[in-house]
Amino acid sequence: MTPSPSPSRSPAEQPSKREWFSEVIGRTRFVVLIAVIAVLLVSFSLFLQGTLLALHTIYGSWHDTFTQGIASQQGSIAVEFLEIVSTMLKAVVFYLIGVGLYSLFITPLNLTSALGVESLADLEQKVVSVIIVILGVTFLEHFVRWEKPLDTLYFAGSLALAGGALVFFQRVHRGSGGDLQQPQAKLRARQDLFEHDNEQRRINDHDVELAEQATLAKQSGKVDAGGGSG
């Protein structure tokens, strides 16, 4: 009994050179892993350095309190702890960038969905928000020191200009994030992440339908594009 010849693919079914090249180009998205690993290493380093700085500051403050009295901690202790907060916030910025890029280019994560990062615009707005907080903490450090009032005033003016520009950027790009950023999707992602320990996020047909409805509503003017989804 002679084996039947394997059915040959029709010319329409065979991938064209253009499709093959498109697939290769699409696979180049994995090069983002280099940036993800590098940024996450920076974030972990900052978290570790912030932890060591916190331990050193706590030990030094209590040592000076017991040896020199509580009066020795007036003024300086607040600045030292604010530096720790600033270091941790910088680590959060790099962490958001790392996990955001991974979720956008490699595999969707429940973590980023729970944080409201559904697109590159969402990631930019989250990072800008943390940067504004860092600017505020940095100014608070200079304000608590109050060594040179005139320099502090100049510093406040420069921070006001930088912070105002960032706030204006957020206002301009408000509502330009992903259409999948729906309250129910965020709640479902949080439930899967924190209750079921499921890191990878699934995009089902219902999410796509909600995204299409949100897009049509924005285009028709029924929903304000600047309004958040909660």
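**Notes on an all-helix model**

1. Let's start with the outside: the accessible surface of the protein comes to about 15,300 Å², and 65% of that belongs to carbon and sulfur atoms. These areas come from the Shrake-Rupley method with a 1.4 Å probe.

2. Keep in mind that this is a predicted model, where local features need pLDDT of at least 70, side-chain atom pairs count only at pLDDT 80 or more, and totals for chains, interfaces and linings use all residues. Residues are numbered from 1 along each chain as its sequence is written, and side-chain values use heavy atoms, leaving out hydrogens and water.

3. On to the fold: you'll find eight helices and zero strands. Helices here are DSSP runs (H or I, at least four residues), strands likewise (E, at least two), numbered from the N terminus.

4. How much of the protein is buried (under 20% relative accessible area, 1.4 Å probe, protein chains only)? Buried residues make up 29% of the 230 residues.

5. Now the inside. The largest nonpolar core (buried Ala, Val, Leu, Ile, Met, Phe, Trp, Tyr and Cys residues joined through side-chain atoms within 4.5 Å) has 15 residues, and Val36, Leu89 and Leu123 are among those with the most contacts inside it. Helix 2 (32-68), helix 3 (76-105) and helix 5 (120-145) each give two or more residues to this core, with the largest share, six residues, coming from helix 3.

6. Have a look at Leu123: leaving aside residues up to four places away in sequence, Leu123 touches Leu96, Ile97, Gly100, Leu101, Leu104 and Val117. Contact means heavy atoms within 4.5 Å.

Terms used: Buried means under 20% relative accessible area, exposed over 50%, partly exposed in between (1.4 Å probe, protein chains only).
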